[in-house]
Amino acid sequence: MPLVAGIDSSTQSCKVVIRDADTGRLIRQGRAGHPDGTEVDPAAWWIALTEALAQAGGLTDVAAASVAGQQHGMVCLDEDGEVVRPALLWNDTRSAPDAADLVDEFGGGDTGGRFWSEAVGSVPVASFTVTKLRWLARNEPANAARAAAVCLPHDWLTWRLGGAPDLAALRTDRGDASGTGYWSPATGDYRFDLLEHAFGRRLAVPAVLGPTGEASRGPGDITLGPGTGDNAAAALGVGARPGDVIVSIGTSGVVSSVAAVPAADPSGAVAGFADATGRYLPLVCTLNAARVLDAAASMLRVDLDELAELALGAPAGADGLVLVPYLEGERTPNRPTASGALHGMTLRGSTAGHLARATVEGMLCALADGLDALTRQGATVDRVILVGGGARSAAVRQIAPAVFGCPVLVPPPGEYVADGAARQAAWLLSGGTEPPDWAISGLEEHTAEPVPAIRERYAEARDHTIHRLG
């Protein structure tokens, strides 16, 4: 019974699962927190990984491991492999002006969007690594001068697990590389011309491995897989197949679908990422997801279960009360300086239940906009799979079908990003052409009559907010 480890180094914490490589059965697990903020010293990730591994019983009996991590984060290293500055995370929006400039420098508007989408599958926004490199070059020239290599959070952790011998040993995978803004999912090549254009000179970058490539050897000579970005790992963890749409409600909100061909959306709404299986993962990401629920619960001085109970006790549509949930700006649509807003307040709708309902519906409507963007790019929607911490809310599970307009499947609560990394490690061990079939039991199906008025009122409020704050 070989064992494999899957590691999820997310924005908020590090999770480790140890699973049976043949069946996927969970053996043990561990978890440790990450510091808050939109820039973090990568050393904090290593400390958390060490603690989570210790809680999970270590790696001494593990045959292979893979790391999945938050996408886009900029980790710059000097010639000696030392971190140059704290990593800028995906949710750091300070490079929004740099993203706009990078689009403008290739024609701006539709022309610039078309250039970038054809070059790398995505149009730069503040989340993307390429924009953070431009910000670094402009704002911290001394740190930029020290930088010899750039990698992503999961790349750096895999490299550290492998002993961090030198910069030439950096490895990544298609899924995470496709979120940099200087690697093309369609061609499988780096666009060094775009990296140099953004930063001013070339940097060393990790070699891109296929789904079952071996990155290196880790502690005790275990095999280290290529790892991947968190979204690709989640899709692998739930066993997503072509025709599936995965809606993940975590720190960010993500709507993605497994596809056989790469996407290229010149509007920038859909990021044309690769997945962790050799296919593609067109994806829409919002900055605001589960923490919108946290904020509402804090305002109402209730816990999340009580918030769900309040929401389910209010009528569908919240009697016209609408929340536009741009509490941290927004990535899709690209409104980094926007803020949240409540619309349609009346005496009747001014209750805790109405606010709770409007919160859940507003968050789900923002994700439903992402689902619409995927279908415009040709995505097939056979089923929606709802995952992430936000999916644990009874209100989210029950209201989602009415907002999305289709049945929703909810797997049991779990660490599906870490599970995807573990499944990749098991695939590497097996040497098969497809990942091992780890069946997920206990899927809940939720259905509800669609309520188009919820989306219609949300669209009116959203467009008003964008016009006023954009």
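Where does Ala164 lie? Select Ala164 in your viewer and you will land in the loop between α6 (153-161) and β9 (171-173). Keep in mind as you go that this is a predicted model.

**Stop 1: two backbone angles**

While Ala164 is selected, look at its backbone. Its phi is near 45 degrees, a positive value in a residue other than glycine. Most residues other than glycine have a negative phi. Ala164 is partly exposed, with a relative accessible area of 22%.

Now move to His72, in the loop between β5 (62-69) and β6. His72 is not a glycine either, yet its phi is positive, at about 75 degrees. Is His72 buried or exposed? With 3% relative accessibility, His72 counts as buried.

**Stop 2: strand β4 and its partners**

Next, select strand β4, residues 39-40. Val40 belongs to this strand and is buried, at 4% relative accessibility. Add Arg85 to the selection and draw a line between the two C-alpha atoms: Val40 and Arg85 are 45 residues apart along the chain, and the separation is 8.9 Å.

Glu39 sits in strand β4 too. Show its side chain together with that of Arg94, and you will find a salt bridge, 3.0 Å from N to O. This pair links distant parts of the chain, 55 residues apart, with Arg94 in the loop between β7 (87-88) and α2 (96-104). Both ends are partly exposed: Arg94 has a relative accessible area of 32%, and Glu39 has 31%.

**Stop 3: a network of charges**

Stay on Arg94 and bring in Asp92. Their side chains form a salt bridge as well, at 2.8 Å from N to O. Asp92 is buried, at 3% relative accessibility, because buried here means under 20%.

Which residues are linked with Asp92 and Arg94 in a network of salt bridges? Select Glu39, Arg85 and Glu140 to complete the network. As a reminder, side chains of opposite charge can pair when their charged atoms come close. Across the whole structure, a search finds 27 salt bridges.

**Stop 4: a bridge from helix α5**

For another of these pairs, select Arg146 and Asp78, whose side chains meet in a salt bridge of 3.0 Å, N to O. Arg146 lies in helix α5 (residues 141-146) and Asp78 in the loop between β6 (75-77) and β7, so the bridge ties together parts that are 68 residues apart in sequence. The two ends differ in cover: Arg146 is partly exposed at 38% relative accessibility, whereas Asp78 is buried, with a relative accessible area of 12%.

**Stop 5: helix α11 and its two sides**

Finish at helix α11, residues 304-312. Which residues of α11 are buried? Highlight Leu307, Ala308 and Ala311 to see buried residues of this helix. Turn the view to look down the axis of α11: its buried residues fall within an arc of 100 degrees, so they line one face of the helix. An α-helix has 3.6 residues a turn, so residues three or four places apart point the same way.

Now rotate to the face turned away from the buried side, where you will meet the exposed residues Asp305 and Glu309. Glu309 has a relative accessible area of 61%.

Finally, add Asp303 and Glu306 to Asp305 and Glu309, and color them by charge. Together these four residues gather in a patch of negative charge on the surface.

Definitions and conventions. Residues are numbered from 1 along each chain as its sequence is written. This is a predicted model: local features need pLDDT of at least 70, side-chain atom pairs count only at pLDDT 80 or more; totals for chains, interfaces and linings use all residues. Side-chain values use heavy atoms; hydrogens and water are left out. Patches are made of residues with over 30% relative accessible area and no salt bridge: like charges are joined within 9 Å, nonpolar side chains (Val, Leu, Ile, Met, Phe, Trp, Tyr) within 5 Å. Accessible areas come from the Shrake-Rupley method with a 1.4 Å probe; for residues, only the protein chains shown count as cover. Lys and Arg count as positive and Asp and Glu as negative; His and the chain ends are not counted. The place of a charge is taken as NZ of Lys, CZ of Arg, CG of Asp or CD of Glu. Helices (H or I, at least four residues) and strands (E, at least two) are DSSP runs, numbered from the N terminus. Buried means under 20% relative accessible area, exposed over 50%, partly exposed in between (1.4 Å probe, protein chains only). The arc is that of the directions from the helix axis to the C-beta atoms.
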